[in-house]
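I opened this entry to keep track of what I looked up, one topic at a time. The notes follow the order in which I went through the structure.

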Amino acid sequence: MWNKLHLVFVLLLIGSAANAQLANFKGGLEAGVMGTQVDGDTLSGYDKAGLRVGGFIEKPISEKFSVQFGMLYTQKGSQGEKNLNDPFSFYEINLHYVDMPLTARYYHKSGVFGEGGLALGYLFKQKEEGYNSANQRIVDPSPGFNKFELSWHLGIGYELFPYTSVHAQFAYSLLKIRGKYDSDIPGVYAGQYNNTLMVALQIYLGERN
């Protein structure tokens with residue numbers, strides 16, 4: 001299943017980038033890292049590291065404004081301390097999404113730009129690990145997270161070159177990512193939200209005017 005999704009994802013990226021150039025859009029690739037947590041899991045801190053890779057197209061609206069649409073593979077979730085002397089500190093959520101963000105950008109003549117928008121995410125793989133009250137390790141491959149996520153994001157970036165930029169974003173779920181779920185792992189609650197920070201490099205396929 002993952003191999004099929006991966007193939008479809010790559011073909012869509014290539015097709016989007018090619019069509020972007022033909023339709024007077026700006027197309028490119030993006031790669032970055034994320035620090036993530038799940039609010040509502042009794043843990044705190046952006047302790048779960050993840051990847052953010054994919055492609056995007058951008059349509060200039062004016063000299064200072066543009067709209068960008070992306071298709072990105074993102075790794076989100078949550079992670080405990082993993083203290084070997086305290087099994088109950090071991091807790092981990094792994095969430096694998098295909099995110100489709102729609103972002104408005106404002107460019108300043110200094111090269112700095114601000115951005116904000118909404119994103120729809122499709123969750124295609126999930127796993128939750130932890131220990132139950134009997135000190136038994138539980139691995140749940142289907143822990144009841146919603147297949148779709150709607151989130152908002154705000155960020156800031158800088159144009160390093162006419163064809164390369166770097167940007168950082170904060171993103172948060174607008175709706176719960178998991179409803180009521182009966183788990184053998186203590187501390188699993190409904191009403192959880194993805195809370196993420198990221199920094200990524202964007203490389204345009206062709207010089208941006």
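**Aromatic pairs**

I began with the rings and found that the count comes to ten aromatic pairs; I note here that the model is a predicted one. For F56 and Y204 I looked up both values, and the pair is edge-to-face because the ring centres lie 5.2 Å apart with the planes at 85°, an angle over the 60 degrees that edge-to-face requires. F56 sits in strand β2 and Y204 in strand β9, so that this pair links distant parts of the chain, 148 residues apart, and I noted that both F56 and Y204 are buried.

I then turned to W152 and F170, whose ring centres are 5.5 Å apart and whose planes meet at 65°, so this pair is edge-to-face as well. Since W152 belongs to strand β7 and F170 to strand β8 (residues 164-173), the pair ties together parts that are 18 residues apart in sequence. On accessibility, I wrote down that W152 is partly exposed at 29% and that F170 is partly exposed at 26%. W152 and F170 also belong, with Y172 and Y193, to one aromatic cluster.

**Salt bridges**

How many salt bridges does the structure hold? I recorded eight. In one of them E92 pairs with K48, and the closest N and O atoms are 2.4 Å apart. E92 lies in strand β4 and K48 in strand β2 (residues 48-60), so the bridge ties together parts that are 44 residues apart in sequence. I asked myself whether E92 is buried or exposed. At 8% relative accessibility E92 counts as buried, because the limit for buried is under 20%, and K48 is buried too, with a relative accessible area of 8%.

The next bridge I looked up joins the side chains of R105 and E115, at 2.7 Å from N to O. This pair links distant parts of the chain, with R105 in strand β4 and E115 in strand β5 (residues 112-131), ten residues apart. R105 counts as buried at 1% relative accessibility, and E115 counts as buried at 6%.

For E129 and R137, I noted a salt bridge whose closest N and O atoms are 2.5 Å apart. Here the partners are placed in opposite ways, since E129 is buried at 7% relative accessibility, whereas R137 is partly exposed with a relative accessible area of 48%. I also found that K76, D99 and E149 are joined into one network by salt bridges that share partners.

**Nonpolar core**

Which residues make up the largest nonpolar core? I listed nine residues in all, namely V38, Y91, I93, L95, Y97, L123, F145, I177 and I185. Strand β4 (residues 91-107) gives the most to this core, with four residues. I followed I185 further and, leaving out residues up to four places away in sequence, found that I185 touches Y91, E128, E129, G130, Y131 and I138. Among these contacts is E129, which I had already entered above as the salt-bridge partner of R137.

**Nonpolar patch on the surface**

On the surface I looked up a nonpolar patch formed by V112, I156, Y158, L160, F161, Y163, L201 and I203, which together have about 710 Å² of accessible area. The elements that give two or more residues to the patch are β7 (148-161) and β9 (193-204), and the largest share, four residues, comes from β7. V112 has its place in strand β5, and at 32% relative accessibility V112 counts as partly exposed.

**The chain as a whole**

I closed with the overall layout, in which the protein chain has one helix and nine strands, following the pattern α-β-β-β-β-β-β-β-β-β along the sequence. Of its 209 residues, 42% count as buried. I also noted that, for contacts in the protein chain with a separation of 6 or more, residues 24 or more positions apart account for 66%. The protein chain exposes about 11,100 Å², and carbon and sulfur atoms supply 62% of that area.

Definitions and conventions. Residues numbered from 1 in each chain as written. Predicted model: local features only at pLDDT ≥ 70, side-chain atom pairs only at ≥ 80, totals over all residues. Heavy atoms only, no water. Core = buried A, V, L, I, M, F, W, Y, C linked by side-chain atoms within 4.5 Å. Buried < 20%, exposed > 50% of the residue type's maximum accessible area, 1.4 Å probe, protein only. Contact = heavy atoms within 4.5 Å. Salt bridge = Lys/Arg side-chain N within 4 Å of Asp/Glu carboxyl O. Patch = residues over 30% accessible without salt bridge, like charges linked within 9 Å, V, L, I, M, F, W, Y side chains within 5 Å. Areas by Shrake-Rupley, 256 points an atom, 1.4 Å probe, with all protein chains shown as cover. Phe/Tyr/Trp six-rings, centres within 6.5 Å; stacked < 30°, edge-to-face > 60°.
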